[in-house]
Amino acid sequence: AKDKGRDTIALYDQAMDRKARDRREIETDLREAVARDQLNIHYQPVIDLDSGEVGGYEALLRWYHPQRGVVRPDEFLGVAEETGLIVPIGEWVIGQALRETATWDGDFRIAINLSPTQVRSPHLVDVVARAIHAHGFDPGRVEFEITEHVLMQKGSVCGANLEKLRELGTKIALDDFGIGYSSLSYLRRFPFDRIKIDKDFVEDIEQSADNQAIVSSITRLADALGMAATAEGVETRAQLDLLRKLGCQEAQGYLICEPVPGENFATPDAVEAAM
Ligand code: C2E
Ligand code: CA
Ligand code: CA
Ligand code: CA
């Protein structure tokens with residue numbers, strides 16, 4: 001029995017070693033990725049459920065890794081966040097997203113995700129102000145998506161930065177709404193412009209009367225608080241119809257369009273072909 005315990009520990013150590021090695025490898029590669037222009041943004045349209053029009057595009061980071069192919073953020077955001085690399089990467093995203101979309105047709109919002117470390121960064125507001133100015137963006141068309149993790153942080157820099165973003169005229173959305181510990185209490189802490197209903201609630205909305213009740217309550221809550229509601233992760237026609245029936249204003253998901261490179265939305269013809 002003792003041997004068995006030792007074996008288990010040895011295996012555990014090996015797994016830890018591998019994990020540490022993976023993290024170091026990701027860190028080294030990620031530093032290079034920034035320098036070698038391997039980062040790109042894919043955009044996912046968000047549509048209005050009444051008109052069917054594109055209300056906005058969410059910018060989603062992609063790493064075109066020379067060996068691994070297209071790597072999604074879940075695989076490297078943890079390392080980027082721990083090492084602080086997320087700050088220069090995030091600043092690049094802000095500049096690139098506004099540069100790339102500035103010439104697109106239409107009156108759409110551009111939504112950009114911000115991590116806790118980014119919101120804590122003392123340069124965030126300057127970076128945003130400069131990008132908006134450089135590309136002639138109406139600040140009201142730029143929306144930042146934060147999760148409750150941002151608001152859970154101690155210290156006042158975060159709150160001050162959010163206030164300053166708001167003074168600039170940009171919008172703030174509460175992302176992943178409903179899956180956290182105390183989403184409701186965060187609604188009172190900051191006057192969000194939008195709530196994004198997490199895809200967990202959309203996934204089995206047809207089968208789950210509970211999820212239907214939750215989504216319908218969130219949309220009414222948003223409405224009462226003067227906020228918009230967007231559902232994410234819509235994959236079926238039935239989900240889309242149900243969301244509309246439950247009073248949800250906007251939706252995004254693979255059914256409508258997957259996140260794809262910006263070329264797809266640069267001209268009206270391209271948009272037509274992509275969606
Ligand atoms: P998120 O903000 O909740 O974004 C939604 C995620 O759902 C995206 O994953 C998107 O590709 C995916 N998605 C869209 N439609 C569907 C669908 O119909 N079904 C399913 N199953 N998934 C769908 P992605 O692109 O892998 O991004 C993961 C997370 O990484 C994002 O979650 C966001 O928190 C973060 N992220 C992405 N880009 C950035 C960035 O530029 N900066 C920061 N700080 N975080 C980012
Ligand atoms: Ca590039
Ligand atoms: Ca988001
Ligand atoms: Ca989400």
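# Ligand 1 and two calcium ions

Student: What makes the approach of ligand 1 to the side chain of D175 a polar contact?
Tutor: An oxygen atom of ligand 1 is 3.1 Å from an N or O atom in the D175 side chain. A polar contact is a pair of N or O atoms within 3.5 Å, and 3.1 Å falls within that limit, so the pair counts. The model is predicted: local features need pLDDT of at least 70, side-chain atom pairs count only at pLDDT 80 or more, and totals for chains, interfaces and linings use all residues. Residues are numbered from 1 along each chain as its sequence is written, chains are lettered from A and ligands numbered from 1 in the order in which they are written, and side-chain values use heavy atoms, with hydrogens and water left out.

Student: Which other N or O atoms lie by ligand 1, in R62 and in L61?
Tutor: A side-chain N or O atom of R62 is 2.8 Å from an oxygen atom of the ligand. A polar backbone atom of L61 is 3.1 Å from a nitrogen atom of ligand 1. Taken alone, ligand 1 exposes 800 Å², and the protein buries 88% of that (Shrake-Rupley method, 1.4 Å probe).

Student: How many residues surround ligand 1?
Tutor: There are 23, and the closest are R62, R72, Q118, E235 and Y254. Each has a heavy atom within 4 Å of the ligand, so it is near by definition. The shell divides into 8 nonpolar, 6 polar and 9 charged residues. Strands β2 (54–65) and β6 (171–177) each supply at least two of its residues; β2 gives the most, with 4.

Student: Why are E58, N113, E145 and D175 called donors of the calcium ion (ligand 3)?
Tutor: Their coordinating atoms are at 2.1 to 2.4 Å. Donors are N, O and S atoms within 2.8 Å of the metal, or 3.2 Å for Na, K and Ca, so these atoms qualify. Their sequence spacing is E-x54-N-x31-E-x29-D. N113 in strand β4 (residues 109–113) and E145 in strand β5 (residues 142–146) are 32 residues apart, a pair that links distant parts of the chain.

Student: What coordinates the calcium ion (ligand 4)?
Tutor: D176, D198 and E232 do, at 2.1 to 2.9 Å. As 3.2 Å is the limit for Ca, these too are donors; water is not among the atoms, so the site may look incomplete. The two calcium ions, ligand 4 and ligand 3, are separated by 5.7 Å. D198, in the loop between β7 (194–197) and α9 (199–203), and E232, in the loop between β8 (228–231) and α11 (237–245), are 34 residues apart.

Technical notes. Polar contact = N/O pair within 3.5 Å; in protein donor to acceptor, adjacent residues only side chain to side chain. Nonpolar A, V, L, I, M, F, W, Y, C, P; charged D, E, K, R; others polar.
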